[in-house]
Amino acid sequence: AKCLYQGNRIGATFAPSLFKSIAGEEQSLADLAAFDPQLARSLRWMLATPRGTQHFLASDEGKRLQAAGLLESSAADDIAKEDAIAAAVRGALVDARSASLDAIRDGFFAALGELSPAVEAAARRLSGADLQLLLTGSDVLSAEQILACTRFLGFEGEAGGGSGSRDLRVWFANVVRRMGTDDLRRLLLWALGAPS
């Protein structure tokens, strides 16, 4: 929460499903693939194969989900197959960890509320993808990307005019090129309100 409030990155070490959980969004098969690739492959196979549901229900993972009440053993037709996959995704990403995810979400928003009630209210309206971008940023950021998007407004003439304008542009480009990734993100946060 403090990283979000101060505009610092935490790195891209958390699965997208964590940010979706904080935002209260439904999880997808793509989210599961980032968290548990083997289970996601099994569920994709189950979806693509006519008898895949019956084979999956007989597997150890299928039996575990059935025993936990997260998957119905009657999921044999195509409509039930999609419901079974959605239940398996929910079971693996949310239901199996609901107490921990609830604690993370509640703690995240409580900490933001202590720092600033306005920031907490704004953060509650963000999607999981927005939270992930704000906290982890884009993995690819370079000085050249920032300089390519930089426009100098309010200087003499349309093209930037006099030598003072040119000197400022050269100085700014040199400063930006010497910045590390965290400093580049701070610059973007200061100029644009977002770290990427």
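This is a short chat about a helix crossing and two aromatic pairs in a predicted model.

Tutor: Local features here need pLDDT of at least 70, and side-chain atom pairs count only at pLDDT 80 or more. Residues are numbered from 1 along each chain, and side-chain values use heavy atoms, leaving out hydrogens and water.

Student: Why is α2 called roughly perpendicular to α8?

Tutor: The axes of α2 (residues 16–23) and α8 (residues 98–115) cross at roughly 65 degrees and come within 9 Å. Roughly perpendicular covers 65 to 115 degrees, so α2 gets that label against α8.

Student: What meets what between α2 and α8?

Tutor: Leu18, Ser21 and Ile22 in α2 meet Leu101, Ile104, Arg105, Phe108 and Phe109 in α8, where contact means heavy atoms within 4.5 Å. By class, that's six nonpolar, one polar and one charged residues.

Student: What makes phenylalanine 108 and phenylalanine 109 an edge-to-face pair?

Tutor: Rings pair if their centres lie within 6.5 Å, and planes over 60 degrees apart count as edge-to-face. Phenylalanine 108 and phenylalanine 109 sit 5.2 Å centre to centre with 75 degrees between the planes, so they fit on both counts.

Student: And how do you know that phenylalanine 152 and phenylalanine 172 are edge-to-face?

Tutor: Their values are 5.9 Å centre to centre and 90 degrees between the planes. Phenylalanine 152 is in the loop between α11 and α12, while phenylalanine 172 is in helix α12, 20 residues apart.

Student: Why does phenylalanine 172 count as partly exposed?

Tutor: Buried means under 20% relative accessible area and exposed over 50%, with partly exposed in between (1.4 Å probe, protein chains only). Phenylalanine 172 has 21%, so it counts as partly exposed. Phenylalanine 152, at 24%, is partly exposed too.

Methods
Axes are lines fitted to C-alpha atoms, for helices over the stretch in contact, and angles run from 0 to 180 degrees between N-to-C directions. Helices (H or I, at least four residues) and strands (E, at least two) are DSSP runs, numbered from the N terminus. Angles under 35 degrees count as roughly parallel, over 145 as roughly antiparallel, 65 to 115 as roughly perpendicular and the rest as oblique. Ala, Val, Leu, Ile, Met, Phe, Trp, Tyr, Cys and Pro count as nonpolar, Asp, Glu, Lys and Arg as charged, and the others, Gly among them, as polar. Rings of Phe, Tyr and Trp (its six-membered ring) pair if their centres lie within 6.5 Å; planes under 30 degrees apart count as stacked, over 60 as edge-to-face and the rest as tilted.
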